[in-house]
Amino acid sequence: MLSDRLKDAIRTTYRQLAEALPGFVPRREQNFLVAEIAKTLSGDYERSRRILVAEAGTGIGKSLSYAQGAIPLARLQQKKLIISTATVALQEQLIHKDLPFFLRHSAVPFRFMLVKGRQRYCCEHLLEQAAMGDGGSNLEFAFEQLSTTRPSEDDKSLYKKLWDHYTAGKWDGDRDNWPSPIKDMAWERIAADRHTCNKALTHHQHCPFHQARDKMDESDVLVVNHALLLSDLTMGGGIILPPPDECFYVLDEAHHLPTVARDHGAAFIHLGGSRRWLEKLAQSAGKIGRALPGESLLDAQLKLQDALAAILPDLKAAEQWIGQHPQLFGSERQHRFPDGDLPEPLPLLALNLRESSKQALRALDRLQGGVAEALREGDLKRRDAEPLLAEAGFFLQRLENFNQLWELMSREVAPGKTPLARWLSRTEDGQDVLVHASPIEVGYLLEEWLWSKCLGAVLVSATLTALSNFDYFRHQAGLKPHDGTRYLRLRSPFDYDKAELYLPKMRCEPNDPQFTQELIERLPGLLADQQASLVLFSSYRQMNEVAEGLRAHGLTLLVQGEASRSALLTLHRQRCDGGTPSVLLGTGSFSEGLDLPGHYLTNLIITKLPFAVPTSPVEEATAEWIEKRGGNPFLQVTVPEASRKLIQACGRLIRKEADAGRVTILDRRIVTKRYGKPLLDALPPFRRRIE
């Protein structure tokens, strides 16, 4: 229950924020959101299921709302608050703007930090060796495995500069805090690795990653991204971040969460590439075993060699079977197994590979632990142990992914349960085959990993509903009807009557071959006399064809792909500030996260409803499963997803209180098809002009 102390803290903070914000306007929607967050997380509504799904429209102020509702509660209960976002832009806004501002005026003091994955930090020991040119270190193995060439002179100079700045306290070992970009290959040689950068080893205790983790223990609010959160949860939770049962969560941009969860539940391997590194692992196993003192881990070495001896023939058998069936691969260079069913002999091979890789994983983990222990006890010299730890860590990572893939490929699905998507694909050069497996639905994983364990969670976004309800998102996120989860939909407080939704007459619908030509003919008139325009397309191909046609008419355009996103937006703003008409052309990625308030956007044109054709194997498998159950994938998946994306696209226009302008939709299906009315009714309440 909300305590009087918590209520007082929230009220005091709100009053101080109101006094500090210039031109602050109290909003009923924001006050209500703050109250609902605090009540839900404190257990006022449901003590055993403290989950709130809140759609908060533009202008409500989501970040300050959940800061007010969640941070005082977490602090007073001495629990961690984890704020997870989907985009770097929102993370930076929270870390550099919203949280520092909130902290200055909060009645409850707190500490916060941005938490990143281990790979964003250098390993102090690896960096030192790279800077000193120590060729006998575990870098030697990294050079061999990660690059076809040894470090260039530029790389060596970079390592020396990084080390000098690090030891002088001018750089903290965070890749993102170095003033210029570091190439991937140069960074991979010095990046921290969870299998080799072990805090239990004295020469790794002060690595930047471990320093950051120590700081995390002292922080009350942790800002992460969805990928890092899911990485931790897939390992059981509490590995990278604090355990879920000790944390409250705010999941901003929550509509991205199911997709990120699905990616983390999937796996793939290169068949030929795996066989090659497994053969190298067989050689390493003997080398590691010979280096260890005595015969204490001889059993682990023999088990690893036995497991590898079982893996390699089965892997070759799978390669041979695929080689005997070239008809599997058509023009798309991939083959999906219908209903996820594998033909003989693949099920038995997958089962064997799962079990033997599990045995190999356990044995190699024991061997690496033996090397680390021998180093700690002084039975192995550091110079001898480091290369062995690097090799073991390199192979452990690959074995984990290898085992995950074959676990998914061999998993039996009970009748009536959702199948897995399983497919093969060829590399571009045709020299290798990739084996893929992915869950279709991940809601049950989110329930298992997070909802059933956490102290409480707030899922918030400007677009969580589709077709005016939460059903689609609820299913994706694994939230059951009547499970105690609360749902809240708060409309934007902005005056949408200042904007017009215009649906002009069109000769063609998007499936007509002449539609592109009609766009080229109609757009100049819709862009005329407009200072700031954004035209959204459903495909790069059509966008580029239209851009070519418009330029032939003499129009000056800023086209996605012809420069970086930031460069295009900077040029667009410069033109708008200088009074020069500016026209941006972009695809779906420009319909989300693009903030062009005021005079930077007054004319938004959507050329086509954002229907996604199921082209990926996962999407195809999803459609197949729905049809098999007697459903309609277009109405159950495609239309709701299009509704959410259309709302996002329309949301680019009104970003501030005084914004105004026009949204034009050139796809007449929104008024001619039965599914059009729900799409139209789900949009913000613009003034409508329908020809």
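Leaving aside neighbours within four places in sequence, which residues is Phe402 in contact with? In this predicted model, Phe402 is in contact with Ile269, Ser274, Trp277, Leu278, Ile311, Leu315, Leu353 and Ser357, once those neighbours are set aside.

Phe402 also belongs to the largest nonpolar core, which has 56 residues. Leu278, Leu281, Leu304, Phe402 and Trp406 are the members that touch the most other members. Several elements give two or more residues to this core: strands S6 (267–270), S8 (420–426) and S9 (433–439), together with helices H12 (271–291), H13 (298–323), H14 (346–377) and H15 (382–410). A second core, separate from this one, has 39 residues, among them Leu534, Cys576, Leu584 and Ala682. In soluble globular proteins, nonpolar side chains tend to be buried together.

Strand S2 covers residues 80–85. Because 6 of its 6 residues are buried, S2 is largely enclosed by the rest of the structure. In a regular strand the side chains alternate between the two faces of the sheet. In S2, Lys80, Ile82 and Ser84 lie on one side, while Leu81, Ile83 and Thr85 lie on the other, and both faces are covered.

S2 is joined by bridges to strands S5 and S4. The table sets out these pairings.

| Strand joined to S2 | Residues | Bridges | Direction | One bridge pair |
|---|---|---|---|---|
| S5 | residues 247–252 | 5 bridges | parallel | Ile82 with Tyr249 |
| S4 | residues 221–225 | 5 bridges | parallel | Thr85 with Asn225 |

Conventions:
Residues numbered from 1 in each chain as written. Predicted model: local features only at pLDDT ≥ 70, side-chain atom pairs only at ≥ 80, totals over all residues. Heavy atoms only, no water. Buried < 20%, exposed > 50% of the residue type's maximum accessible area, 1.4 Å probe, protein only. Helix = DSSP H or I, 4+ residues; strand = E, 2+ residues; numbered from the N terminus. Pairing = 2+ DSSP bridges. Core = buried A, V, L, I, M, F, W, Y, C linked by side-chain atoms within 4.5 Å. Contact = heavy atoms within 4.5 Å.
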